[in-house]
Amino acid sequence: MNAAPVLVVIGAGPRGTGVIERIAANARELYGNRPLDIHLVDPHPPGGGRIWRQDQSPLLRMNSMAEDVTMFTDDTVRMDGPVSPGPTLHTWAGDVRDGRTVISADPAVLREIRGLGPQDFPSRRLQSAYLRWVHEQALAALPPGITVHEHTGVALRLSGPRDGSQLVLIEGRAEPLLADLVVLTVGHLDAEPAPEQRELAGFAARHGLVHLPPDFTADTDLTALPAGEPVLVRGFGLAFIDLMVLLTEGRGGRYENGAYVPSGKEPVLYVGSRRGVPYHSKIGYTLQGEPPSLPRHFGTAQAEEILNRPGPVDFRRDLWPLVTKELGHAHYQRLFTAHPERTAMDQAAFEETYAATEPGSPELAALVASAVPDPADRLDLDALDRPLEGVRHTSYDALQDGMRAHITADLDRRHDPRHSPDLAVFLGLLSVYGQLTSFGDIGERWHSFFSYLASGPPGPRLRQLLALSRAGVVRFLGAGMTVETDEAQGVFRARSTTVPGAHTEARALVEARLPDPSLRATRSSLLRGLHQDGAAGTDTGLLSVDPADSRILDRDGRPHPRRFALGPYTTARSSGAFTRPRTGGPAFRQNDATARAALAFLRDLSCRVRRTA
């Protein structure tokens with residue numbers, strides 16, 4: 001009797017679960033009833049993985065509403081495999097609450113499930129329970145001939161010839177796993193410090209200071225940050241929000257009637273960044289009426305035309321004009337259809353001229369000015385992206401008032417349906433992201449812009465930030481933040497372009513951001529080994545994969561027949577951690593293509609083995 005083929009999936013978090021779900025969905029068509037052994041390798045429990053594991057603070061929340069999170073495909077996903085529908089996070093919680101779905105979970109998580117509304121922002125622990133259930137459903141959907149084995153441990157090394165068995169070395173296991181095919185879905189990874197971080201760490205060590213480099217906030221030891229002392233924080237994204245929560249409520253503080261009541265254990269956080277402002281609030285209402293017609297100016301045809309041009313693709317030259325054209329279309333179509341009283345031109349005439357006008361041109365600006373009388377109703381991506389550009393304050397005290405006004409205005413706008421073109425732009429961003437996945441590594445500018453506009457914190461978190469600012473626990477530093485070291489004084493010193501000539505000193509510095517995904521800097525011996533063995537990496541350090549099915553590419557551009565990779569460390573990056581229902585999530589498409597290619601390879605391998613037996 002011939003042994004069953006072996007597939008190893010390294011990473012059993014949400015992406016690994018997504019691949020298993022797609023294997024289950026496609027197995028009947030592509031693999032039949034043949035036997036297959038699947039080995040899942042992860043040091044953390046399957047389903048949630050590291051980031052969404054159950055073992056973390058209950059204070060940490062998702063930045064997506066419960067109704068906007070799904071792990072299941074629908075008919076908007078462009079893929080060759082079948083759709084396997086399933087519940088959103090909110091629908092699943094309702095099934096648990098009503099007894100239609102039975103789970104085992106912490107009592108606190110069950111209490112949260114019972115009170116969860118569609119527009120609530122769940123805790124990460126609740127999301128972990130959903131992911132574990134999805135994982136179990138995916139395993140249950142596999143055909144009887146497919147057996148799954150789970151290994152708790154870190155995958156250290158992947159080796160083997162292109163045309164032969166692969167060896168997967170696992171920490172704590174004497175013998176490597178022998179695999180016919182390997183899929184890497186390892187998610188976010190730790191990284192070695194960059195040169196600047198090493199210099200800052202050395203300075204801190206010499207002077208007895210605290211320096212916390214880029215890291216996953218939930219995994220960072222924050223006990224070194226003393227109560228009442230100033231702490232410089234560089235980074236104003238979601239990592240900062242987690243830091244803020246853990247150093248305030250996490251130390252016993254509380255909110256009463258919109259005000260923050262300190263515990264006395266908090267440090268004072270001086271926060272700044274390149275933009276100098278927090279990410280835009282999540283939109284706090286749902287779309288009424290028809291969504292914008294997307295894609296319109298940046299779809300598959302436009303993407304293929306650019307990909308077929310000779311020479312490398314330049315994001316700013318080749319892609320950004322199409323991005324701005326598409327986002328403008330989404331914005332103005334919504335303005336004309338939902339708020340026609342704020343327009344001054346026939347919609348059809350506007351759309352016809354808009355389609356024929358070059359993005360960024362004076363003609364387009366003139367068209368918009370004539371059609372949309374109020375500048376507040378016009379889409380200005382540069383102003384959105386850099387709201388403090390050119391803004392100057394005479395003191396940090398003056399800046400605090402200005403920042404509170406900015407955050408308050410953002411909260412008001414993002415929760416006001418009169419500004420529903422903002423939601424249309426959000427949907428446009430998702431559509432654009434789906435096209436950009438075809439281009440591989442396009443640099444960090446787009447990902448930063450997308451995260452700032454579309455992946456910001458829930459409104460309640462920004463209201464907490466305002467309360468902390470009024471209580472003096474958070475102080476704003478402004479845009480263009482820089483950090484210096486003073487050997488004579490033994491302090492970190494921060495400056496910003498927003499308050500010229502001023503500075504703030506502290507004995508602690510926190511880099512509030514995730515480590516950059518890079519083959520060159522990763523602490524993963526698995527990925528370092530792949531790169532050393534010839535896997536291709538981009539200029540920014542991402543692992544190069546075939547856009548068709550995510551096979552790992554070598555430096556000659558050849559796809560490896562037995563190795564696949566999906567996730568944020570690859571050129572097949574996708575938008576956000578989870579997919580919003582009915583948005584054609586590119587991660588689903590990628591998972592499906594990888595699963596189908598893997599099943600076809602293993603099927604053909606099984607047939608060859610039987611013929612030679």
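Helices and strands are DSSP runs, numbered from the N terminus: a helix has at least four residues, a strand at least two. With that in hand, Arg61 can be placed in the loop between β2 (36-42) and α2 (89-97). The model described here is predicted.

## Around Arg61

Is Arg61 buried, exposed or partly exposed? Its relative accessible area is 35%, so Arg61 counts as partly exposed. Leaving aside residues up to four places away in sequence, Arg61 touches Glu112, Phe121, Pro122, Ser123, Arg124 and Arg461. One of these contacts can be given a distance: the Arg61 side chain reaches the backbone oxygen of Phe121 at 2.8 Å. Leu526 is 465 residues from Arg61 along the chain, and their C-alpha atoms are separated by 30 Å.

## The nonpolar cores

In soluble globular proteins, nonpolar side chains tend to be buried together. Here the largest nonpolar core holds 84 residues. Which of its members touch the most others? They are Phe240, Leu436 and Trp446. Helix α13 (residues 421-436) gives the most to this core, with nine residues. Leu436 has Phe298, Phe315, Leu319, Val323, Ile442 and Trp446 as contacts, again not counting residues up to four places away in sequence. A separate core, of 27 residues, lies apart from the largest one. Among its members are Ala24, Leu40, Ile146 and Leu181.

## Two covered helices

Helix α6 spans residues 238-247 and is mostly covered. Nine of its ten residues are buried. They are Ala239, Phe240, Ile241, Asp242, Leu243, Met244, Val245, Leu246 and Leu247. What covers them? The cover includes two helices, α4 (124-140) and α15 (459-470), along with the strands β9 (230-234), β12 (268-272) and β17 (508-511).

Helix α15 deserves its own look. Nine of its twelve residues are buried, so α15 is largely enclosed by the rest of the structure. The buried ones are Gly459, Arg461, Leu462, Gln464, Leu465, Leu466, Ala467, Leu468 and Ser469. They pack against α6, β10 (254-256), β11 (259-261), α12 (396-414) and β13 (474-478).

Its length can be checked too. At 1.5 Å a residue, the twelve residues of α15 should span 16 Å. The end C-alpha atoms are 17 Å apart, which agrees. After α15 comes Gly472, with a positive phi near 80°.

## Two open sheets

Strands β14, β15 and β16 form an open sheet in that order, and the pairing is antiparallel. At the edges are β14 (482-486) and β16 (504-506), each pairing on one side only. From one strand to the next, the twist averages 30°. Strand β15 (residues 491-495) pairs with β16 over three bridges, in the antiparallel sense. Within β16, Thr504 stands opposite Ala494. A helix also meets this sheet: α5 (residues 195-207) lies across β14 and β15, at about 135° to β15.

Another open sheet has three strands in the order β4-β5-β6, with antiparallel pairing. Its edge strands are β4 (155-159) and β6 (177-179), and each pairs on one side only. Here the twist averages 20° from one strand to the next. Strand β5 (residues 166-170) pairs with β6 in the antiparallel sense over three bridges. Which residue of β6 is the bridge partner of Leu167? Leu178 is.

## Backbone angles in the loops

Some loop residues have backbone angles worth finding in the model. Two of them have a positive phi.

| Residue | Phi | Loop |
|---|---|---|
| Asn257 | about 55° | between β10 and β11 |
| Arg582 | about 60° | between β19 (559-565) and α17 (586-612) |

Asn257 is not a glycine, yet its phi is positive. Arg582 is not a glycine either, and its phi is positive too. Are these residues buried or exposed? Exposed means over 50% relative accessible area. Asn257 has 87% relative accessibility, so Asn257 counts as exposed. Arg582 has 52%, so Arg582 also counts as exposed.

One peptide bond also stands out for its geometry. Leu294 and Pro295 are joined by a cis peptide bond, with omega about -10°. Pro295 is in the loop between β12 and α7 (300-307).

Note on methods:
Residues numbered from 1 in each chain as written. Predicted model: local features only at pLDDT ≥ 70, side-chain atom pairs only at ≥ 80, totals over all residues. Heavy atoms only, no water. Core = buried A, V, L, I, M, F, W, Y, C linked by side-chain atoms within 4.5 Å. Buried < 20%, exposed > 50% of the residue type's maximum accessible area, 1.4 Å probe, protein only. Contact = heavy atoms within 4.5 Å. Pairing = 2+ DSSP bridges. Axes fitted to C-alpha atoms, helices over the stretch in contact; angles between N-to-C directions. Expected span 1.5 Å × (residues − 1). Polar contact = N/O pair within 3.5 Å; in protein donor to acceptor, adjacent residues only side chain to side chain.
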